[in-house]
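Colleague: I should like a close look at one part of this model, namely the ion pair that joins two side chains, and at how its setting relates to the rest of the chain. Please take the matter step by step and state the cut-off behind each class of accessibility.

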Amino acid sequence: MVKTIKFTIGGKDYSLKGDNEVLLYRAANDVKNVYSKIQESYPDESVSTISVLTALNIAEKSINEKQQIEVDEDYLVEQINKMTDYLSKVMRYDKYYENE
């Protein structure tokens, strides 16, 4: 079911629609927090500049998180391969001594 939330960022009101209300609020709050921090750091910048910087900051965070996921996946695959190799060796060892 489509939900609509209302929020304010930089003094401007927005409406956002989506299926997951909790996710909508989290997204809106994340944008609002980043926008506010940038606005505090650069009070003389225009709304459009702050908006672009906000988008770039959020995009950078997203890219960093995706890269970390790739690193974590590679690590997990490596560890699973090591465990599989170990278990294969143990099973071959057990079979060898069962036949004696």
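Modeller: A residue is termed buried when its relative accessible area is under 20%, exposed when it is over 50%, and partly exposed in between. The model is a predicted one, and every value below is computed from it.

The structure holds one salt bridge. Its partners are the side chains of Glu-78 and Lys-82, which meet at 3.4 Å, N to O. Both residues belong to helix α2, and the four residues that separate them correspond to about one turn of the helix. Glu-78 counts as partly exposed because its relative accessibility is 39%, a value that lies between the two cut-offs of 20% and 50%. Lys-82 has a relative accessible area of 47%, so it too is classed as partly exposed.

The stretch of sequence around this pair also contributes to a nonpolar feature. Tyr-75, Leu-76 and Ile-80 make a nonpolar surface patch of about 330 Å². Of these, Leu-76 is placed in helix α2, which spans residues 47-98.

What does the same helix do earlier in its run? Two residues, Thr-54 and Asn-57, serve to answer this. Thr-54 lies in helix α2 and is buried, because its relative accessible area is 4%. Apart from neighbours within four places in sequence, Thr-54 is in contact with Val-31, Val-34, Tyr-35 and Ile-38. Asn-57, also in helix α2, is partly exposed at 37% relative accessibility. With the same exclusion of neighbours within four places, Asn-57 is in contact with Val-34 and Ile-38. Further along the chain, Gln-68 is 11 residues from Asn-57 in sequence, and the two C-alpha atoms are 17 Å apart.

Two of the residues that Thr-54 touches, Tyr-35 and Ile-38, lead to the interior. They are members of the largest nonpolar core, a set of eight residues that also includes Ile-5, Phe-7, Ile-9, Leu-24, Ala-28 and Ile-50. Strand β1 (3-9) and helix α1 (21-41) each supply at least two residues of this core, and α1 gives the most, with four residues. In soluble globular proteins, nonpolar side chains tend to be buried together. Leu-24, one of the core residues, touches Lys-3, Ile-5, Leu-16, Lys-17 and Gly-18 when residues up to four places away are not counted.

Not every position in α1 is covered. Ser-36 is found in this helix and is partly exposed, with a relative accessible area of 28%. Glu-40 likewise has its place in α1, but counts as exposed because its relative accessibility is 64%, over the cut-off of 50%. From Glu-40 to Lys-12 the C-alpha distance is 16 Å, with their positions 28 residues apart in sequence. Ser-36 and Lys-6 are 30 residues apart along the chain, and their C-alpha atoms are separated by 17 Å.

Lys-6 in turn leads to the strands. Its bridge partner in β2 is Ser-15, while Lys-3 stands opposite Gly-18 in that strand. Over seven bridges, β1 and strand β2 (residues 12-18) pair in the antiparallel sense. They form a hairpin with two residues between them, and Gly-10 in the turn has a positive phi of about 60°. Gly-10 counts as partly exposed, because its relative accessibility is 43%.

How far is the turn residue Gly-10 from Asp-74? Their C-alpha atoms are separated by 40 Å, and the two residues are 64 apart along the chain.

To return to the part requested, the Glu-78 and Lys-82 bridge is set within helix α2, and its two partners are partly exposed, at 39% for Glu-78 and 47% for Lys-82. By contrast, Thr-54 in α2 is buried at 4%.

Note on methods
Residues numbered from 1 in each chain as written. Predicted model: local features only at pLDDT ≥ 70, side-chain atom pairs only at ≥ 80, totals over all residues. Heavy atoms only, no water. Patch = residues over 30% accessible without salt bridge, like charges linked within 9 Å, V, L, I, M, F, W, Y side chains within 5 Å. Areas by Shrake-Rupley, 256 points an atom, 1.4 Å probe, with all protein chains shown as cover. Salt bridge = Lys/Arg side-chain N within 4 Å of Asp/Glu carboxyl O. Core = buried A, V, L, I, M, F, W, Y, C linked by side-chain atoms within 4.5 Å. Buried < 20%, exposed > 50% of the residue type's maximum accessible area, 1.4 Å probe, protein only. Contact = heavy atoms within 4.5 Å. Pairing = 2+ DSSP bridges.
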